[in-house]
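Student: I have a structure on the bench screen and some questions about its contacts. Can we go through them one by one?

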Amino acid sequence: MTDQHPGRNATRGIRRDSPQDHAARPVDHADIPQDHANIPQHAAGQEETRAEKGGTSSHHGTHPRRSSRHSSHRKRVEQSRTRRASRPRPAFQPFSAEQLTARHAARPTISYPDLPVSARREEIAAAIRDNQVVVVAGETGSGKTTQLPKICLELGRGITGLIGHTQPRRIAARSVAERICEELDVPLGGPIGYQVRFTEEVSPTTLVKLMTDGILLAEIQSDPELRRYDTLIIDEAHERSLNIDFILGYLAQLLPRRPDLKVIITSATIDTERFAAHFGAHRYGGKPGDAAPVVEVSGRTYPVEIRYRPLTGQDGGPHEYEETHATDRLTPSQQATHDWPSAPSTQPDRARPFARSNTVIPSAVHAKPETPGRSDAVDQVT
């Protein structure tokens, strides 16, 4: 048998014999080990070569060099991962130098309306400046939703990163963005923008971004450390929806890795002690027993006067009080047999359970006013 690849066979160290050599050379099966008795000649030659090189003589054994190569590869991979983890990451800059200059120039003039939060804006600003997490408990009508982003803008936030402001509903995110734009006299999509599903009004000069909590949760997939934001305002945290719970839990793990990130948690009915203790222990440099500062702001309510319109008939005139007053004194059995004056029916061939008239039907009968499109239906009142 002629070897067509002598160089390759010489490198492998495999000795090939012709069929004549095999026939001329007798084989003593007593000298072959028991585990090599059923191995072909070319496989046995390979095993002999491996044994000569310091390998194993078993056909199914593990090659020590191969296992050593695998272990050394795993060590190199682990060392590389350790070096990458310990290497300081460069500061993430989502905007170029020209964009940062434009964002500085786009800062609007801050003005505050007469609201309870506006009266305590200095205290809130000091808490945000000196702490990584702040819990603001403000009653409904205090102005926390619209004034907190402006307090952050006044502190210089929102330049190197966005001020993210989450709302549980899309209509709330859009309406709050429009309200802040109206107070600051800026166009929507400029310094103040919003993003909801299928709609985005955000530009490179947007400083405050209103969005639903689902949008922020989806952005975590592409930006795990939320480097595009330098401030996050989690509004309506008391609703404790699935999205809000995911965001709060993720932020508790992210805060130690982002010491530059400010988080403001706001709600009208929030358990301030539990939230402050939880985020105080998970913030950067925090330890069990620490608590985040809590700022409580009272709300503003207005008196409500309830007025009732006088009852009027179908002709626009007042009801006949004497007849109504007289029928109210009837017993239920007399009311059932009383001849009520009825208005002409549009369908005289069908029975009507209660006739409509210009007089007020006593409350004992429990009749309801006629509903458009249901003139033939029987109203049942429980």
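Student: Which residue forms a salt bridge with R227?

Tutor: This is a predicted model, where local features need pLDDT of at least 70, side-chain atom pairs count only at pLDDT 80 or more, and totals for chains, interfaces and linings use all residues. Residues are numbered from 1 along each chain as its sequence is written, and side-chain values use heavy atoms, with hydrogens and water left out. A salt bridge puts a side-chain nitrogen of Lys or Arg within 4 Å of a carboxyl oxygen of Asp or Glu. The closest N and O atoms lie 2.8 Å apart here, and the partner of R227 is E225.

Student: Is E225 buried or exposed?

Tutor: Buried means under 20% relative accessible area, exposed over 50%, and partly exposed in between (1.4 Å probe, protein chains only). The relative accessibility of E225 is 15%, so E225 counts as buried.

Student: Which parts of the chain does the salt bridge between R169 and E239 link?

Tutor: Helices (H or I, at least four residues) and strands (E, at least two) are DSSP runs, numbered from the N terminus. The closest N and O atoms of R169 and E239 are 2.9 Å apart. The two residues are 70 apart in the chain. R169 sits in the loop between strand 2 and helix 9, and E239 in the loop between strand 6 and helix 11.

Student: Why is one side of strand 4 and of strand 8 left without a neighbour in the sheet?

Tutor: Two strands pair if DSSP finds at least two bridges between them. The 8 strands form an open sheet with mixed pairing, in the order 4-3-5-2-6-7-1-8. Strand 4 (199-201) and strand 8 stand at the edges, so each has a single partner strand.

Student: Which residue in strand 8 is the bridge partner of V135?

Tutor: Strand 1 (residues 133-138) and strand 8 run parallel, joined by 4 bridges. On strand 8 (residues 294-297), V295 and V297 make up the covered face, V294 and E296 the uncovered one. The bridge partner of V135 is V294.

Student: Which helix gives the largest share of the largest nonpolar core?

Tutor: A nonpolar core is a set of buried Ala, Val, Leu, Ile, Met, Phe, Trp, Tyr and Cys residues joined through side-chain atoms within 4.5 Å. This one has 31 residues, and I124, I128 and I151 are among those touching the most other members. Strand 3 (192-196) and strand 5 (208-212) are among the elements supplying at least two residues each. The largest share, 6 residues, comes from helix 9.
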